[in-house]
2 protein chains.
Amino acid sequence: MEVLKIVNQIKSKRSFLCVGLDVDLEKIPKFLLDKDDPIFEFNKSIIDNTHMHCIAYKLNIAFYEAYGIKGWKALEKTINYINKNYTEIFTIADAKRGDIGNTSRMYAKSFFEQLNFDSITVNPYMGRDSVEPFLEYNDKNTIILALTSNEGSKDLQLISTANDYVFMDLIKSSKTWNNSKNLMYVIGATKTEYLEEIRKIIPDNFLLIPGIGAQGGDLKEVCEKAINHKVGIIINSSRGIIYSGNDEKFAQAAEKEAISLKKQMEEILIDSKLI
Amino acid sequence: MEVLKIVNQIKSKRSFLCVGLDVDLEKIPKFLLDKDDPIFEFNKSIIDNTHMHCIAYKLNIAFYEAYGIKGWKALEKTINYINKNYTEIFTIADAKRGDIGNTSRMYAKSFFEQLNFDSITVNPYMGRDSVEPFLEYNDKNTIILALTSNEGSKDLQLISTANDYVFMDLIKSSKTWNNSKNLMYVIGATKTEYLEEIRKIIPDNFLLIPGIGAQGGDLKEVCEKAINHKVGIIINSSRGIIYSGNDEKFAQAAEKEAISLKKQMEEILIDSKLI
């Protein structure tokens, strides 16, 4: 999806919220379990009740794969439902894939062609030639893991190198990759102390920022340091929104949470003179 | 699978070959395309004709995902077929997954419980807490990417750190993770110059070594440097074996290739006084 389209959507919805659809059958309201496809029914209700307050949905592929073929069917139905009914929405396959060239090409085919996602998260451990097959798709976005929100980020991403940290060296070298203009970066919301340095290297690229809420990141602090002249950030919340209710009104409870985040985002956009 | 069981299988089959089932519908013999499930039919013939010469099958998940639900069905049928008919075989889900704890747990559930693979390849970019959910399964093996065979390995894995290289720091720190005895490591066959150093740090763990053949690695050189007192290496070949024929005798052609590699391995095992 063109970045301009994402920016326009942010400005018109006054929100840069992404809702993460990490659907766990053990956590969704019990009454849904009697339905033919509980995962899709859950997603459909959440989407119908939140699409006006968010600009993106992120589908965590692990949660679908865990249910085998049934899960893949729910995944297909969900992405098709969004693509058909809410064409403005930016869709993210949170797949964290990445492999040697011919294999990455298969993953790109799967998520960009078969499932028709707008973007995919990619793990950059195998370097340039493992990411470029995704970048070849001009109308799609490739979101590489840079600095994640979890404790284990220190084990590799934050190792010191001659010039910097591993993740910073990676961001720098990613700028030389073919079609790097299609890159976005995952930066965890718990890692605000690195945001200003990151913005010096990639002032224009969009950042996908998970880790608000359950994982402890602070929305205001993140935005102050990461927002740019084209907004440039998408903030994801998954569990904090989708599991805020667990009875028949779960979708309304999710909507309430989404609105609360959207209002905070609206204020930030106004303060930053972006709307 | 217990390492002892793998070692015993290697000794009795006189081979440490893994056949990679990276099935691409554009590359399999045309006559198979008329069948109900061409991917499974292809795999079944390859497996029936090679199982006595190899000790493991590695299923590259990308190649199945690329065909959506049809692909997942072929994946399930293939792993079930191996588990039912060739119980001694070590099965590898080449999935290169890895995510925050609760998500890695879903991937582990998917590949270890739903599909019942013996092992999975895991991408360690997100560190300890992204890998430990896989390691919790005591009867399964977790194979982390350490140093891969592709050109892009230099972009991140081979960045110099204060003490060493990124991938070496990673291997060292992985030894402190819970249940690290269940770890195996992917080391590309094109990276022989690092093998002796790697063996100093992890003398006992099994290495999964792709990159022989198509990617240019040399079998003898790899074995000289990587073999240990429990053999300790599994050599993977995918395209070099499964696409060696493209008519009705494709499985026999694959068998011939597998036998040729097995014979070289047998010699190496004899020379190393392991059989």
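## Helix H5 of chain B

Just after H5(B), Asn116(B) adopts a positive phi of about 60°. The model described here is predicted. H5(B) itself consists of 14 residues and spans 19 Å from its first C-alpha to its last, which is close to the 20 Å expected at 1.5 Å a residue.

Several residues of H5(B) are buried, including Thr103(B), Ser104(B), Met106(B) and Tyr107(B). Ala108(B), Ser110(B), Phe111(B) and Phe112(B) are also buried in this helix. The buried residues of H5(B) pack against elements of both chains: strand S2 (56–60) and helix H3 (61–65) of chain A, and strand S3 (90–97), strand S4 (119–122) and H6 of chain B.

## The contact between the chains

How many residues does each chain bring to the contact? Chain A and chain B each contribute 46 residues. On the side of chain B that touches chain A, at least two residues come from each of helix H3 (61–65), helix H4 (68–85), helix H5 (101–114), helix H6 (128–135) and helix H7 (166–174) of chain B. H5(B) gives the most to this side, with six residues. By character, the residues on the side of chain B that touches chain A comprise 17 nonpolar, 17 polar and 12 charged.

## Symmetry of the two copies

A turn of 180° with a shift of 0.0 Å along the axis lays chain B on chain A with an RMSD of 0.0 Å. This is the relation of a two-fold axis. Both copies use the same surface, since 100% of the contact residues of chain B recur in chain A.

Which residue of chain B comes closest to the rotation axis? That residue is Thr161(B), whose C-alpha lies at 2.3 Å from the axis.

Terms used:
Residues numbered from 1 in each chain as written. Chains lettered and ligands numbered in written order. Predicted model: local features only at pLDDT ≥ 70, side-chain atom pairs only at ≥ 80, totals over all residues. Contact = placed C-beta atoms within 7 Å. Helix = DSSP H or I, 4+ residues; strand = E, 2+ residues; numbered from the N terminus. Nonpolar A, V, L, I, M, F, W, Y, C, P; charged D, E, K, R; others polar. Least-squares fit on C-alpha atoms with pLDDT ≥ 70 in both. Expected span 1.5 Å × (residues − 1). Buried ≥ 20, exposed ≤ 12 C-beta atoms within 10 Å, placed from the backbone.
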